[in-house]
Amino acid sequence: MTDVSSRPGDPHEASRPRPKKQEQESASAEVVEVAPGILRMQLPIWMPGLGHVNMYGLMDDDGLAVVDPGLPGPSSWKSLKSRLTTAGYKVRDVHTVIVTHSHPDHFGAAGRLAKEAGAQLIAHKAFTTWSLQRKGATLSEAEAERLEQQAIEEAARYRGPSLDELPSLDDDDHAALDEITSETQRLSVPWGGTTPWGGSKHPDPPLSRKMMMRAMRLLFSPPDPTRRVRHGSPLRLAGREWTAIHTPGHTLDHLCLYDQEHGILLSGDHVLPTITPHVAGSGQGDALSSYLATLDLVGALPDVQLGLPAHGHPFDDVPGRVTAIKDHHFERMEKLREASLAIGTADVVELSHQVFPERHWGVMAESETFAHLEHLRRSGDAERWEEHGVLYYRAQPA
Ligand SMILES: [Zn+2]
Ligand SMILES: [Zn+2]
């Protein structure tokens with residue numbers, strides 16, 4: 001859901017027509033076998049900045065496993081069924097639904113599909129959705145806050161494992177992370193609430209997002225995974241042996257699937273071909289550190305020949321794309337540092353205006369700026385303090 005095309009600001013940019021990025025292309029009805037036994041099926045999405053989500057179908061003798069079955073609601077469902085028909089399948093042929101992360105364009109139809117197909121539903125252990133959290137019937141506010149804080153701290157401590165560690169990840173360093181339960185994750189965009197960087201309540205979301213949230217409430221009940229996997233969990237699908245790669249950053253619960261034998265990475269929103277996935281700062285954690293570390297992790301996976309992203313076309317240079325995304329963040333960080341040095345003490349909103357073009361101003365730009373500022377602060381490159389509930393930052397001269 002939350003992908004921002006985040007290029008450095010250019011005052012003239014708004015007046016210039018911008019070429020469409022491949023992630024913004026509208027959903028094609030075509031079903032393409034992008035690798036033996038793997039189908040790319042595009043579903044329409046109605047979210048700002050994105051035109052489609054890729055639902056991948058992994059074919060085997062038992063039927064079909066699908067990855068990220070799109071948004072809730074009748075129009076996406078209709079497209080989903082029509083894509084399956086084109087591919088020669090019926091809903092009941094789906095035996096497995098895999099959700100890469102807790103954004104609605106990825107999990108929205110997962111519950112309905114799993115139910116109607118009688119399929120298992122797989123997600124990461126930390127998978128949750130805002131709806132589950134909003135219901136909050138069993139959790140007190142304080143308890144939810146405590147769990148959330150714990151999750152954020154765990155995420156901040158998370159460092160991408162080196163490859164030699166991969167087989168033992170389940171038990172060692174990440175046991176704590178795996179304790180995170182479905183109640184802990186917050187909405188990555190804190191509409192209508194107090195933002196972690198302070199100030200009064202954030203203004204309501206823009207109309208399209210408001211509509212989206214209302215529609216979400218009306219349209220679906222959040223999926224309940226039947227199997228929760230962790231980093232390193234094996235999955236046998238489409239006659240291939242996949243390994244679940246936990247890649248927190250874009251969201252805490254993000255999963256990629258890696259088929260080492262054939263060099264395929266289902267990269268979800270972790271690595272996209274031309275846009276930079278959104279990284280949301282929230283609470284006290286350092287989401288950017290987790291993101292950069294897990295980018296390194298997937299960039300170093302041996303023998304990856306093909307990246308299959310959740311938005312946009314298949315791409316072959318996963319390590320190259322990882323480097324480009326990292327460079328983008330380092331540039332953004334440097335720009336932020338320079339802006340901060342130039343204007344002096346400032347809050348997150350003001351700093352976000354320095355580094356994002358005006359058309360991106362708003363809570364998402366702020367939360368990403370917050371993630372960068374927290375990363376700078378934790379690296380000793382910025383100072384932070386609080387006044388009347390608002391966080392202020394000042395970069396340190398190099
Ligand atoms: Zn997405
Ligand atoms: Zn996403």
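The zinc ion (ligand 2) and the zinc ion (ligand 1) sit 3.4 Å apart, with D269 coordinating both. Keep in mind that this is a predicted model. Below is a rundown of each zinc site, then a look at how helices α9 and α11 pack.

**Zinc ion (ligand 2)**
- Besides D269 (OD), the zinc ion (ligand 2) is held by three histidines, H101 (NE2), H103 (ND1) and H250 (NE2), at 2.1 to 2.2 Å.
- Along the chain, the spacing of these donor residues reads H-x1-H-x146-H-x18-D.
- H101 comes from the loop between β5 (94–98) and α2 (104–107), and H250 from the loop between β9 (240–246) and β10 (255–259), so this pair ties together parts 149 residues apart in sequence.
- The angles subtended by the four donor atoms run from 93 to 169 degrees, so the arrangement around the zinc ion (ligand 2) is irregular.
- Buried means under 20% relative accessible area. H101, at 0%, therefore counts as buried, and H250 is buried too, at 1%.

**Zinc ion (ligand 1)**
- Over at the zinc ion (ligand 1), the protein donors are D105 (OD), H106 (NE2), D269 (OD) and H311 (NE2), and they lie 2.1 to 2.7 Å from the metal.
- Their sequence spacing is D-H-x162-D-x41-H.
- D269 is in the loop between β11 (264–268) and α8 (287–299), while H311 is in the loop between β12 (306–309) and α9, so the two tie together parts 42 residues apart in sequence.
- This arrangement is irregular as well, because the four donor atoms subtend angles of 85 to 155 degrees.
- The shared ligand D269 is buried, with 0% relative accessibility, and H311 is also buried at 0%.

**Packing of α9 against α11**
- Helix α9 (residues 318–343) packs on helix α11 (residues 363–378) at an angle of about 80 degrees, and their axes are 10 Å apart.
- An angle of 65 to 115 degrees counts as roughly perpendicular, and that is therefore the label for α9 and α11.
- On the α9 side, the contact is made by H328, H329, R332, M333, L336 and R337.
- α11 brings E368, T369, H372, L373, H375 and L376 to the contact.
- By residue type, the contact of α9 with α11 splits into four nonpolar, five polar and three charged residues.

Methods. Residues numbered from 1 in each chain as written. Chains lettered and ligands numbered in written order. Predicted model: local features only at pLDDT ≥ 70, side-chain atom pairs only at ≥ 80, totals over all residues. Heavy atoms only, no water. Donors = N, O, S within 2.8 Å, 3.2 Å for Na, K, Ca; no water. Tetrahedral: all angles 85-135°; square planar, octahedral: opposite > 155°, others 65-115°. Helix = DSSP H or I, 4+ residues; strand = E, 2+ residues; numbered from the N terminus. Buried < 20%, exposed > 50% of the residue type's maximum accessible area, 1.4 Å probe, protein only. Axes fitted to C-alpha atoms, helices over the stretch in contact; angles between N-to-C directions. Parallel < 35°, antiparallel > 145°, perpendicular 65-115°, else oblique. Contact = heavy atoms within 4.5 Å. Nonpolar A, V, L, I, M, F, W, Y, C, P; charged D, E, K, R; others polar.
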